[in-house]
Amino acid sequence: MILVIIRMKVLAEKRKELSQTIVSLIGSLRTETGCRRCDFYLSMEDENKRCILEEWETRENFDSH
């Protein structure tokens with residue numbers, strides 16, 4: 001299993017745009033071979049922080065992504 005954590009700090013004026021973009025991409029990512037999960041998180045402590053969590057079955061699946 002491969003776990004990928006992407007942490008971001010976004011400008012306040014770009015929060016909505018970033019969130020809309022990520023949400024529009026997650027659906028297709030979830031259908032890729034070997035993708036066990038892909039989730040998008042908002043920080044409860046800092047409204048400008050975002051996180052993407054991806055879980056892949058194998059390194060090969062992640063590399064081909």
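A disulfide is taken here as a pair of cysteine sulfur atoms within 2.5 Å. By that yardstick, a search of the whole structure turns up zero disulfides. C35 takes part in none, and the nearest cysteine sulfur, that of C38, sits 5.6 Å away. Seen from the other side, the sulfur of C38 has its closest cysteine sulfur in C35, and 5.6 Å is too far for a bond.

The structure is a predicted model, so local features are reported only at pLDDT of at least 70 and side-chain atom pairs only at pLDDT 80 or more, while totals for chains, interfaces and linings use all residues. Residues are numbered from 1 along each chain as its sequence is written, and side-chain values rest on heavy atoms, with hydrogens and water left out.

As for the overall layout, the chain has two helices and three strands, where helices (H or I, at least four residues) and strands (E, at least two) are DSSP runs numbered from the N terminus. Along the sequence they come in the pattern β-α-β-β-α. The C-alpha atoms fill a box of roughly 35 × 20 × 15 Å along the principal axes. Of the 65 residues, 31% count as buried; buried means under 20% relative accessible area, exposed means over 50%, and partly exposed lies in between, using a 1.4 Å probe and protein chains only. Among contacts in the chain with a separation of 6 or more, 54% come from residues 24 or more positions apart, a contact being heavy atoms within 4.5 Å.

The three strands make an open sheet in the order 1-3-2, with antiparallel pairing; two strands pair if DSSP finds at least two bridges between them. Strand 1 (2–9) and strand 2 are the edge strands, each with a single partner, so one side of each has no neighbour in the sheet. Neighbouring strands are turned against each other by 10° on average, direction ignored. Eight bridges hold the antiparallel pairing of strand 1 and strand 3, and V4 finds its bridge partner in E54 of strand 3. Strand 2 and strand 3 pair in the antiparallel sense over seven bridges, with Y41 opposite C51 in strand 3. These two strands form a hairpin with six residues between them.

Two residues of that loop are worth a look. S43 is in the loop between strand 2 and strand 3 and, at 26% relative accessibility, counts as partly exposed. Its C-alpha atom is 9.9 Å from that of K9, although the two are 34 residues apart in sequence. N48 belongs to the loop between strand 2 and strand 3 as well, but N48 is buried, with a relative accessible area of 17%. Not counting residues up to four places away in sequence, N48 touches M8, K9, V10, L11, A12 and R15.

Helix 1 lies across strand 1, strand 2 and strand 3, running at about 170° to strand 2; axes are lines fitted to C-alpha atoms, for helices over the stretch in contact, and angles run from 0 to 180 degrees between N-to-C directions. With 16 residues (15–30) at 1.5 Å a residue, helix 1 should span 22 Å, and its end C-alpha atoms are indeed 22 Å apart; the expected span is 1.5 Å times one less than the number of residues. The buried residues of helix 1 are S19, I22, I26 and L29. An α-helix has 3.6 residues a turn, so residues three or four places apart point the same way. The buried residues of helix 1 pack against strand 2 (35–42) and strand 3 (49–56).

The largest nonpolar core has nine residues, namely V4, I22, I26, L29, C35, C38, F40, I52 and W56. Helix 1, strand 2 and strand 3 each supply at least two of them. Such a core is a set of buried Ala, Val, Leu, Ile, Met, Phe, Trp, Tyr and Cys residues joined through side-chain atoms within 4.5 Å. L29, in helix 1, is buried at 10% relative accessible area. Beyond its neighbours within four places in sequence, L29 is in contact with C35, C38, E54, W56 and H65. The C-alpha atoms of L29 and E54 are separated by 9.3 Å, with their positions 25 residues apart along the chain counted as the separation. Both cysteines of the core are buried too: C35 has 13% relative accessibility, and C38 has a relative accessible area of 1%. Residues up to four places away aside, C38 touches I26, L29, R30, I52, L53 and E54.
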